[in-house]
Amino acid sequence: MITFPYEKVTDRITRIFAFGTELMYLVEGNEKAALIDTGSGFGSLKNCVSKLTDKPLIVLLTHGHTDHAFGAGEFDEVYMNHEDDYIYKD
């Protein structure tokens, strides 16, 4: 089973490490949480995040490159600037 190491940056921010140089960040507010980027899609990032927070989650992709966006398929509510659609689709 693939696991994702992580570390608390602050009380509300957790840095999640993928397998290369990929970093994802979980930012928790009072009522919701946001995951910034989803890595390359290896392993279940959703499983890792669900252990870190039980708040409703949105995913924010900084851009469409594979090392930032390919894990997005695991999540229900994902946002990315449509200017990067062509990168993600390629």
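**Group meeting: the Phe4 and Phe19 pair**

Let's start with Phe4: at 8% relative accessibility, this residue is buried (buried means under 20% relative accessible area, exposed over 50%, partly exposed in between, with a 1.4 Å probe and protein chains only). A word on the source: this is a predicted model, where local features need pLDDT of at least 70, side-chain atom pairs count only at pLDDT 80 or more, and totals for chains, interfaces and linings use all residues. Residues are numbered from 1 along each chain as its sequence is written, and side-chain values use heavy atoms, with hydrogens and water left out.

Now the rings. The whole structure was searched, and one aromatic pair turned up. Phe4 and Phe19 form that pair, 5.3 Å centre to centre, with 45° between the planes, so tilted (ring centres of Phe, Tyr or Trp, for Trp the six-membered ring, lie within 6.5 Å; planes under 30 degrees apart are stacked, over 60 edge-to-face, the rest tilted). The two sit 15 residues apart and link distant parts of the chain. Phe4 is in the segment before β1 (6-8). Phe19 is in the loop between β2 (13-17) and β3 (23-28). Strands here are DSSP runs of E, at least two residues, numbered from the N terminus.

Buried or exposed: what about Phe19? Partly exposed, at 44% relative accessible area.

Ile2 is also in the segment before β1. Ile2 is partly exposed, at 42%.

Last, the sheet. Six strands make an open, mixed sheet, ordered β1-β2-β3-β4-β5-β6 (strands pair if DSSP finds at least two bridges between them). β1 and β6 (78-80) are the edges, each with a single partner strand, so one side of each has no neighbour in the sheet. β1 and β2 run antiparallel, joined by three bridges. Tyr6 stands opposite Ile16 in β2.

Notes. Helix = DSSP H or I, 4+ residues; strand = E, 2+ residues; numbered from the N terminus.
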